[in-house]
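Colleague: Please take one part of this model and walk me through it slowly. I am new to this, so plain words would help.

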Amino acid sequence: MQCGWLKHKRNPGVRMDKFVTRHRKRSVVEADESKSEEPIKKCKDECEVEEEFSQPIPWQKFEAEGLDCDYSFLFDKEEADHLLNQLEEEVVYFTGDKAKVQVYGKSYSVPRKQATYGDEGLMYSFSGVHLLAKPWTPTLEHIRDAVTKATGHTFNFVLINRYKDGHDHMGEHRDDERELDPACPIASVSLGAVRDFIFRHKDTRGGSSKRQIEPVKLELAHGSLLLMNYPTNTYWYHSLPVRKKVKTPRINLTFRRIVKNRQKTSIKME
């Protein structure tokens, strides 16, 4: 099965495929009662956005069934290079048990480096690990504020993944943890090597799949910002597959909004 390609270059003539349209940003959550699995509440304070993006940078929209994303270049090459170098000096990644995940009761090393930063007391839990946020660094605050200025959304947490080369990767998953505010998008900033990013609809997974929905494949470029809007993470899995020809590192920052009272209160804060 071939993927629907979306390839971005730093010029006005970006080639779009059939998934892509150019139009104004829609509201944070659209009413879709026929597909909603549970009521989604709008953010009323920090997550409200204007009808259009707050900063007039050139956004590109791409869509498929249940998939809604926006893409743009947030930083030019000079600033992106500087930010990448700063993050290489500032970010402290997890080691030991915090660098492992639980899959069907077995422990596996994460095939990349991970770190979490954010507001005090916030924690992100997935695959049997519970990652407490370290305090924001100056560089992370700068990137976070740039994302907020570009999108109109505010974020209180960031998950950082560092891929040393094309052997480091991320398997198929959805960012649908209960502590994430479903009405706010996930903002993904990429710095470093260009890597393929693939979306696959949940109904096409597994050997007994009966639906034929093409995957959506795009390239996340140095200095780019991908905004994954509701309901993308309800219906689509995403992954960053192995690309052995890639020899240089990439750092990805996914800014999120965690609702503190939805965190697992039984987890010991370490």
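**A close look at helix α2 and its surroundings**

Modeller: Start with Arg 144. Its relative accessibility is 15%, so Arg 144 counts as buried, since the cut-off for buried is under 20%. Keep in mind that this is a predicted model.

Where does Arg 144 sit? Arg 144 belongs to helix α2. Set aside the neighbours within four places in sequence, and Arg 144 is in contact with Trp 136, Phe 155 and Phe 255.

One of those partners leads us on. Phe 255 is also touched by Pro 185. So is Phe 155. Not counting residues up to four places away in sequence, Pro 185 touches His 153, Leu 227, Met 228 and Asn 229 as well. Pro 185 is found in a loop, the one between β11 (170-173) and β12 (186-192). Is Pro 185 buried or exposed? Pro 185 is buried, because its relative accessible area is 3% and the cut-off is under 20%. Now compare sequence with space. Pro 185 and Thr 154 are 31 residues apart in sequence, and their C-alpha atoms are 9.9 Å apart.

Back to the helix. Helix α2 covers residues 138-151, and it packs with helix α1, which covers residues 77-90. Two packed helices are described by the angle between their axes and the distance between the axes. Here the angle is about 140°, and the axes are 9 Å apart. That angle makes α1 oblique to α2, because roughly antiparallel would need an angle over 145 degrees. The crossing of α1 and α2 is left-handed.

Which residues make the contact? On the α1 side they are Glu 79, Leu 83, Gln 86, Leu 87 and Glu 90. On the α2 side they are Pro 138, Thr 139, Leu 140, His 142 and Ile 143. Sort the residues of this contact by type and you get five nonpolar, three polar and two charged.

Stay with α1 for a moment. His 82 lies in this helix. With a relative accessible area of 46%, His 82 is partly exposed, because that value falls between 20% and 50%. His 82 and Leu 191 are 109 residues apart in sequence. In space, their C-alpha atoms are 9.9 Å apart.

Now move to the strands. Asp 68 lies in strand β4, which runs over residues 67-73. Asp 68 counts as buried, because its relative accessibility is 4%. The side chain of Asp 68 makes a polar contact with the side chain of Lys 61, at 2.6 Å.

Trp 236 is another strand residue. Its place is in β16, residues 236-240. Trp 236 is buried, with a relative accessible area of 0%. A polar atom of its side chain lies 2.6 Å from the backbone oxygen of Glu 65. Trp 236 also has a distant residue to look for: Arg 174 is 62 residues away along the chain, and the two C-alpha atoms are separated by 6.8 Å.

Just before that strand comes a point in the backbone to find. A cis peptide bond joins Tyr 230 and Pro 231, with omega of about 5°. Pro 231 is in the loop between β15 (224-228) and α3 (232-235).

One more loop residue. Val 110 is in the loop between β6 (106-109) and β7 (113-118). Val 110 counts as buried, because its relative accessibility is 11%. Val 110 and Gly 171 are 61 residues apart in sequence, yet 9.9 Å apart in space, C-alpha to C-alpha.

Finally, step back to the whole protein. How many helices and strands does the protein have? There are three helices and 17 strands. Of the 270 residues, 51% count as buried. Now take the contacts with a separation of 6 or more. Residues 24 or more positions apart account for 80% of them. The pairs above give you places to look. For instance, find His 82 and Leu 191, 109 residues apart in sequence. Then find Trp 236 and Arg 174, with C-alpha atoms separated by 6.8 Å.

Definitions and conventions: Residues numbered from 1 in each chain as written. Predicted model: local features only at pLDDT ≥ 70, side-chain atom pairs only at ≥ 80, totals over all residues. Heavy atoms only, no water. Helix = DSSP H or I, 4+ residues; strand = E, 2+ residues; numbered from the N terminus. Buried < 20%, exposed > 50% of the residue type's maximum accessible area, 1.4 Å probe, protein only. Polar contact = N/O pair within 3.5 Å; in protein donor to acceptor, adjacent residues only side chain to side chain. Axes fitted to C-alpha atoms, helices over the stretch in contact; angles between N-to-C directions. Parallel < 35°, antiparallel > 145°, perpendicular 65-115°, else oblique. Left-handed = near helix turned anticlockwise from the far one by under 90°. Contact = heavy atoms within 4.5 Å. Nonpolar A, V, L, I, M, F, W, Y, C, P; charged D, E, K, R; others polar.
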